[in-house]
Amino acid sequence: MRNIAVVGTGYVGLCTAATFAHAGNRVVGVDVDAEKIARLTAGESPIFEPGLAQLLREHWRTGRLAFTTDYADAIPAADFVFICVDTPTGANGGADLHHVRAAAGSIARALDPGHRTIVIDKSTMPVGSGEAIAAILHEASRADAPFAVVSNPEFLREGSALHDAFHPDRVVIGSGDPAVTAAVAALYEPFGAPIYRTSLRAAEMIKYASNAMLATRISFMSEIAHICDGLGVDVREVATGMGMDTRIGPQFLKAGIGFGGSCFPKDVKALAFMAEEAEYTPQLLHAVLEINREARRSFVRKISHLVGDIEGATIAVWGLAFKPDTDDLREAPSLDIIRDLLSRGATVRAFDPVAMEAARRVLPEVVYCADLYQAATGADAVALITEWDTFRALDFALVRSVMRGQVFVDGRNQFDPTAMAALGFTYRGVGVSLVQVASLADAGVPVPAPVSV
Ligand code: UDX
């Protein structure tokens with residue numbers, strides 16, 4: 001059993017704390033947000049993440065997990081201190097490290113000179129942050145408090161963060177000291193994942209490059225979807241065919257309204273900023289971000305085109321969270337899309353299984369509904385934004401009957417265009433367009449039947 005402190009109780013910190021407690025360690029979570037700590041000590045999870053609340057409660061009961069606002073309660077006894085505070089986008093596009101610096105200063109002042117503490121950067125931090133944190137620790141700690149700084153980035157997906165934490169594809173550990181790397185690697189032994197040992201800076205860069213690569217795949221497929229729309233091709237078939245090439249692989253090829261969330265937009269921007277700082281113009285990264293913005297704008301243009309006059313139209317928005325199984329609205333496509341619809345004079349009726357409370361705070365103009373059918377009632381168009389599983393098995397005849405119009409715009413390509421057309425919808429996906437397919441067929445060009453998913 002090792003003593004671990006986790007600084008920052010956002011979704012990375014809580015998942016890290018819960019998984020290491022589950023692996024048999026004694027973990028103390030620290031956060032400056034007293035309200036959050038009060039909820040956590042009452043056995044409540046402040047965020048919605050499948051399985052997290054149960055795991056926190058379980059290890060609150062086993063006594064292996066505790067929470068505090070006081071660094072002095074957590075840091076002196078810890079052998080390992082994980083920094084899991086947020087690194088939001090700063091005014092210049094780079095990562096804002098205020099919280100990291102503040103956390104490092106507080107850790108430094110609480111370090112116990114009696115033993116070596118390994119400080120592990122888990123938050124996504126720009127290349128060079130490890131050295132900057134070491135400098136803060138050096139300056140602010142008592143001269144004789146021994147410490148080491150390691151970069152060990154997280155690769156957790158919201159909605160499946162616990163699964164990812166227990167079954168990582170790889171664990172990246174960056175440090176200049178093999179003994180320190182070995183100590184951190186031993187922490188991860190119970191998870192049985194491959195360990196990749198790197199330099200401190202390479203570990204920091206691996207995180208940014210990984211997220212930028214995944215975001216690039218999504219923007220690439222957005223571009224392919226636009227071309228497919230113009231040529232009467234179903235982008236889902238294209239993605240399947242591409243993904244069968246083992247050099248490409250099937251993941252992150254789903255075209256739709258693009259990526260959102262707390263990581264991809266922020267990290268691609270921060271990497272672009274780092275590139276500029278290093279006097280390189282990151283043309284591809286800029287294009288990835290611009291294509292992602294355009295995916296949202298073109299989705300609204302599609303709705304507008306199909307509805308005729310968006311001013312005075314009623315649009316049902318199905319799903320608000322940036323992806324299923326989370327209540328997270330950060331950089332969610334729904335926010336830009338709804339704001340665009342409202343600014344064009346539409347009435348928006350929305351439903352999401354968990355994100356409505358959060359949405360109400362930022363978009364009070366929206367009419368929030370009890371379910372999908374209520375949202376669709378009187379609507380000229382339904383726009384599917386988040387592909388929640390519960391949105392699949394629906395009574396579409398009922399949806400059609402409560403609507404005023406018949407337009408269904410599917411931002412996640414969830415439904416079969418032929419089946420939706422048969423139900424009386426004017427259906428459009430992203431890169432999946434029945435009209436163009438039909439017009440090619442009318443022109444005598446042989447067209448394969450659309451696939452069903
Ligand atoms: C991501 C990374 O996957 C994770 O490793 C990192 O630590 C944090 O950022 P997350 O933001 O939780 O995780 O979600 P993810 O499942 O990766 O999806 C990100 C966005 O891409 C979502 O908006 C999703 O809808 C979109 N996406 C994903 C697509 O549009 N198409 C795809 O094929 C896959």
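This report describes the surroundings of the ligand, the cysteines and several individual residues in one structure. The structure is a predicted model, and every value below was computed from it.

**The ligand and its shell**

The ligand is surrounded by 19 residues, and those that come nearest are Glu-158, Lys-254, Gly-260, Cys-263 and Lys-323. When the residues of this shell are sorted by character, nine are nonpolar, three are polar and seven are charged. The shell draws on two parts of the chain, for domain 1 (3-198) and domain 2 (210-442) both give residues to the shell, and the ligand therefore lies between these domains. Among the elements of secondary structure, helix H9, which spans residues 200-231, gives the most to the shell, with three residues.

Oxygen atoms of the ligand also take part in several polar pairings with the protein. With Glu-154, the partner is an N or O atom in the side chain, 3.1 Å from an oxygen atom of the ligand. With Lys-207, a polar side-chain atom lies 3.3 Å from an oxygen atom of the ligand, whereas with Leu-253 the partner is a backbone N or O atom, and the distance to an oxygen atom of the ligand is 3.3 Å. On its own the ligand has 660 Å² of accessible area, and the protein covers 92% of this.

**Cysteines**

How many disulfides does the structure hold? The number is zero. Cys-15 can serve as an example, since the nearest cysteine sulfur to it belongs to Cys-84 and is 9.7 Å away, and Cys-15 is in no disulfide; for comparison, a disulfide requires two cysteine sulfur atoms within 2.5 Å. Cys-15 has a relative accessibility of 0% and therefore counts as buried. Cys-228 is likewise buried, because its relative accessible area is 7%, and the cut-off for buried is under 20%.

**Two residues with positive phi**

Most residues other than glycine have a negative phi. Against this background, two residues deserve a closer look. Glu-279 has a phi near 65°, which is a positive value in a residue other than glycine, and Asn-413 has a phi near 50°, again a positive value in a residue other than glycine.

Where in the chain is Glu-279 placed? Glu-279 sits in the loop that runs between helix H11 (264-277) and helix H12 (283-307), while Asn-413 is found in the loop between strand E13 (407-410) and helix H17 (417-422). Is Glu-279 buried or exposed? With a relative accessibility of 77%, Glu-279 counts as exposed, but Asn-413, at 6% relative accessibility, counts as buried.

**Three further residues and their distances**

Pro-324 is placed in the loop between strand E9 (314-318) and helix H13 (333-343), and its relative accessible area of 17% makes it buried. Ala-209 belongs to helix H9, and at 36% relative accessibility Ala-209 counts as partly exposed. Asp-169 lies in the loop between helix H7 (161-166) and strand E7 (171-174), and with a relative accessible area of 67% Asp-169 is exposed.

For each of these residues, the table sets the separation along the chain beside the separation in space, taken from C-alpha to C-alpha.

| Pair | Apart in sequence | Apart in space (C-alpha to C-alpha) |
|---|---|---|
| Pro-324 and Arg-296 | 28 residues | 18 Å |
| Ala-209 and Val-7 | 202 residues | 25 Å |
| Asp-169 and Phe-155 | 14 residues | 8.9 Å |

**Drawing the parts together**

Helix H9 appears twice in this account, for it gives the most residues to the shell around the ligand, and Ala-209 is found in it as well. The ligand itself, placed between domain 1 and domain 2, has 92% of its accessible area covered by the protein.

How values were computed:
Residues are numbered from 1 along each chain as its sequence is written. This is a predicted model: local features need pLDDT of at least 70, side-chain atom pairs count only at pLDDT 80 or more; totals for chains, interfaces and linings use all residues. Side-chain values use heavy atoms; hydrogens and water are left out. A residue is near a molecule or strand if one of its heavy atoms lies within 4 Å of it. A polar contact is a pair of N or O atoms within 3.5 Å; within protein, one must be able to donate a hydrogen and the other to accept it, and residues adjacent in sequence count only if both atoms are side-chain atoms. Accessible areas come from the Shrake-Rupley method with a 1.4 Å probe; for residues, only the protein chains shown count as cover. Helices (H or I, at least four residues) and strands (E, at least two) are DSSP runs, numbered from the N terminus. Ala, Val, Leu, Ile, Met, Phe, Trp, Tyr, Cys and Pro count as nonpolar, Asp, Glu, Lys and Arg as charged, and the others, Gly among them, as polar. Domain bounds come from an automatic or database domain assignment. Buried means under 20% relative accessible area, exposed over 50%, partly exposed in between (1.4 Å probe, protein chains only).
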